[in-house]
Every structure is written in structure tokens, then in C-alpha cells.
Amino acid sequence: MTFRVSQFAKFDLISIVAMTFLIATGLIAIFSLSLESERVGFNNFEKQTIHVAIAIVTFIVFSLIDYRIWKSHSGNLYLIGIILLAAVLFLGDNIRGTSGWFKLGFFNVQPVELMKLALIIALARYFSQIKPLLISFKHILISFCYVLIPVSLAARQPDMGSAVVMIMIWFAMVLLSGINKKYIFGIVVTGLLVIIFGWGLFLKPYQKARVHSFLSPGSVPLGDGYNVIQSMVAVGSGGVHGKGVGHGSQSKLNFLPEKHTDFIYATIAEERGLIGTGIVIGLFGVLLYRLRVIYKASRDLFGKFVVGGVTMVIFFQAFINIGMNIGIIPVAGLSLPFLSYGGSFIVVTLAFMGLAQSVWIRRLKSDKNSRILG
């Protein structure tokens, strides 16, 4: 495996610029929230700066490594992810009621984020080995077994948000496989039935309370509806131009919960207004568009499935996070890609983008044997 300087010239600069501006926006928001924090060791801004530096190195490494190498290691990566997910249930630190982190100094490792990466690679390998026109219901069931184990372990933490993300990764792979539409209809119907019956069988009281607070946040303004109400107040109070960096009353006076992680979008909306959040959404749009371009340019099916999985993760987590910040989706505990505070989260997110860049770098402009999906 050799790296050449010329490879850097082949990077997709548009996606890198969009990604850089998103990361910078998140750092500025976290810096603003850290201005009045008590000085006990590193503050969140200083920690996140170190996290981003590690993530950038990870991005470069994943970009320069030939993505096809991961195909032969997919089984080992998947097994390591499962072991870590199981181990964190017994050995991990409990943070805000969730046993999902290994604490290593100021850097918290969240195995479920690593599992998302391993799952994308494992499913991409599985589907890329099947001829598109020969994919059957049997292959759907086998592929679902890949996701069932990590989803079950994530639900035990409990981290239902990440569990849903992993299911969506699998569903994206199924859609990209070109499977018969009747199977897609069956999957959707089955999913709806699971949601209906799962309400009474699987959801815990606090999870049901989140749905109730979403439907009627005003009914429990100091209870489960508090987060949603304060987030919507912060978003609305920013107006068009925002109150300015460091001048958000909801965030600075600690009315807004989890303001540097789950609700960082509300922090940005309060400080930079509609213009600032419009730019954020626009940058995500550019990034997702470039991922689609990379998907279409991929030289093989494995690369296509990898980029398809990465695109689903970025899109779904951004959509859910922004939706819960403005009150149109129940609170799911999902961070906003590139912007939210978190060590393993930003590192794995840039690893996703590094995989996509690796596919782009090694694309062939004309490959008569390349099979294009969708």
C-alpha cells in the first residue's frame, strides 16, 4: 500500500469545503458556549478542537487507503464492533442514563458509532457479491441478521436513535440493491406493524413520554416537553439575523438542554438566525449532492454500497437532529454530523467521508465493465 502526493490532487474539493465550513460552524458554536464555563481542565471547545484534529487525520488516512481493502476485513471489523457493543453494557460509563461510552481521559469512545462504520462495510460486501437481478427475499433475511444483533445491543444501552440509524443503513442498502418493489412494500408494512406492536412491548416509559411530549409539548412544559419547548424558543428567538455569537440567552442562561450536542442546531439558530441555519442546511445539501456524484462515479458495486450507506447516515442523522430541534420529530438523542460536540462521533463521521473520498479518488472515468445501480 503506497501513498502518492498526486492522490491529494484527486480529492473532491467541493465536499471538503462544505465539510470544513460545517465543522467550523460547530466549533464556533461550541466556543460560544464555552466562553463563560468554569475553568476546570480543558473546556468543551478545547476538547473538540483536539477531537477535530484527530478526525482530520482519520479522514486523510481513510481517503488515501484503497477502500477495497476494507472488503476483505469486513468480518473482523463487524466482530470487533459487536464485541465492543456487548462489552460497553457491562464495562462502559453511564452518561445521562445510557451505558454507551468507554471513558479514556477526556475522550469518550462510543462503540455504536464504530459499529455504524463496520455495518456499512459488512453490508456493502454482502450486497456487492450478489448479482442485482438475482437478489431475493432470502438475501433480505440474511442481510437483516447483520443488523439485528447490533440493533439489539444498542437498544439495551438504551440508544434507540442509533438503533434506528443502523436499521436505516440496512434499508438503504436494500433499496440500492435493486430488489423487487413488492419486497420493499413488504418491508415497509412489516416496519409499521413492528412500530405499532412495539409501542406496548418494547418501548420504555421515558421513550413513550418523548412521543407524548412531541405530540403535545405544552402539556408537560417542565417535564418531558421541556427540551422541545426550549429548543423551539431558541430557534424562534434568533429571528433572521440572530442575536450574535455569545449572545444567545436560551443557551447562555442554560435554559436550552444538551446545547452543545443534541441541540446545537438550536444554539446556532439563536445566535445566527435564519441566515445561519439556512447556510448550514445549504452546506448539507451540497455535501449530499456530492456524495450522490461520488456514488454514480464509483467503479464497482462495493464502492457504490459504501457511499450509499455513508449518504444515508449523514442524511438521516442530520434530518432527525434538525427535525427534533424545530419540533417536527420526537427527540431521538442523535447528534448533528460535523457540528455536535463528541470525540468518537466526529472521528467516525470523518472516517465516513474518508471512505467516500477514497471511492472518488479511485474512480474510473470510463469503465465498460462498471455496473451502475439506479
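Trainee: Which residue is the bridge partner of I95 in β2?

Mentor: This is a predicted model. β1 covers 93-95, and β2 covers residues 98-104. In β2, I95 has as its bridge partner T98.

Trainee: Which residue of β2 is the bridge partner of N94?

Mentor: N94 falls within β1, 93-95. β1 and β2 pair in the antiparallel sense. The bridge partner of N94 in β2 is S99.

Trainee: Over how many bridges do β1 and β2 pair?

Mentor: I95 is bridged to T98. N94 is bridged to S99. For the antiparallel pair β1 and β2, the count of bridges is 3.

Trainee: Which residue in β3 does F102 stand opposite?

Mentor: β3 spans 107-109. It runs antiparallel to β2, and 3 bridges join the two. Opposite F102, in β3, stands V109.

Trainee: What is the order of the strands in the open sheet?

Mentor: β1 pairs with β2. β2 is also joined to β3. The sheet is open and its pairing antiparallel, in the order β1-β2-β3.

Trainee: Which strands stand at the edges, each with a single partner strand?

Mentor: The sheet has 3 strands. An edge strand has a single partner, so one of its sides is left without a neighbour in the sheet. The edge strands are β1 and β3.

Trainee: What does the twist average from one strand to the next?

Mentor: The order to follow is β1-β2-β3. From one strand to the next, the average twist is 55°.

Trainee: How many helices does the chain have?

Mentor: The chain has 3 strands. Its helices include α12 (residues 264-297) and α13 (residues 301-325). The number of helices is 14.

Trainee: At roughly what angle do the axes of α12 and α13 cross?

Mentor: The two axes come within 10 Å. α12 passes α13 in a left-handed crossing. The contact takes in, among others, F284, L287, L288 and L291 of α12 and V307, V310, I314 and F315 of α13. The axes cross at roughly 165°.

Trainee: Are α12 and α13 roughly parallel or antiparallel to each other?

Mentor: Their crossing angle is roughly 165°. Angles over 145 degrees count as roughly antiparallel. The two helices are therefore roughly antiparallel.

Trainee: Is T277 buried or exposed?

Mentor: T277 is found in α12. Leaving out residues up to four places away in sequence, it touches Y265, I268 and A269. Its relative accessible area is 6%. Under 20% counts as buried, so T277 is buried.

Trainee: What is the relative accessible area of E258?

Mentor: E258 sits in the loop between α11 (249-252) and α12. E258 is classed as partly exposed. Its relative accessible area is 25%.

Trainee: What distance separates the C-alpha atoms of E258 and Y341?

Mentor: Along the chain, E258 and Y341 are 83 residues apart. Their C-alpha atoms are separated by 9.8 Å.

Trainee: Is the peptide bond from Q157 to P158 cis or trans?

Mentor: P158 lies in the loop between α6 (137-156) and α7 (160-176). Omega for the bond from Q157 is near -5°. The bond is cis.

Trainee: What is the phi of F338, about?

Mentor: F338 is in the loop between α13 and α14 (343-361). At 1% relative accessibility it counts as buried. F338 is not a glycine, although its phi is positive, at about 75°.

Trainee: Where does I135 lie?

Mentor: I135 counts as buried, at 9% relative accessibility. Aside from neighbours within four places in sequence, it contacts F127, I130, S177 and I179. I135 lies in the loop between α5 (111-128) and α6.

Trainee: What distance separates the C-alpha atoms of I135 and S177?

Mentor: S177 is one of the contacts of I135. The two are 42 residues apart along the chain. Their C-alpha atoms are separated by 7.5 Å.

Trainee: Of contacts between residues at least 6 apart in sequence, what percentage join residues at least 24 apart?

Mentor: The contact of I135 with S177 bridges 42 residues of chain. Over the chain, contacts joining residues at least 24 apart make up 73%.

Trainee: What percentage of the residues of the chain count as buried?

Mentor: The accessible surface comes to about 17500 Å², and 69% of that belongs to carbon and sulfur atoms. The chain has 374 residues. The buried share of those residues is 51%.

Notes: Residues are numbered from 1 along each chain as its sequence is written. This is a predicted model: local features need pLDDT of at least 70, side-chain atom pairs count only at pLDDT 80 or more; totals for chains, interfaces and linings use all residues. Side-chain values use heavy atoms; hydrogens and water are left out. Two strands pair if DSSP finds at least two bridges between them. Helices (H or I, at least four residues) and strands (E, at least two) are DSSP runs, numbered from the N terminus. Axes are lines fitted to C-alpha atoms, for helices over the stretch in contact, and angles run from 0 to 180 degrees between N-to-C directions. Buried means under 20% relative accessible area, exposed over 50%, partly exposed in between (1.4 Å probe, protein chains only). Contact means heavy atoms within 4.5 Å. Accessible areas come from the Shrake-Rupley method with a 1.4 Å probe; for residues, only the protein chains shown count as cover. Angles under 35 degrees count as roughly parallel, over 145 as roughly antiparallel, 65 to 115 as roughly perpendicular and the rest as oblique. A crossing is left-handed if the near helix is turned anticlockwise from the far one by less than a right angle, and right-handed if clockwise.
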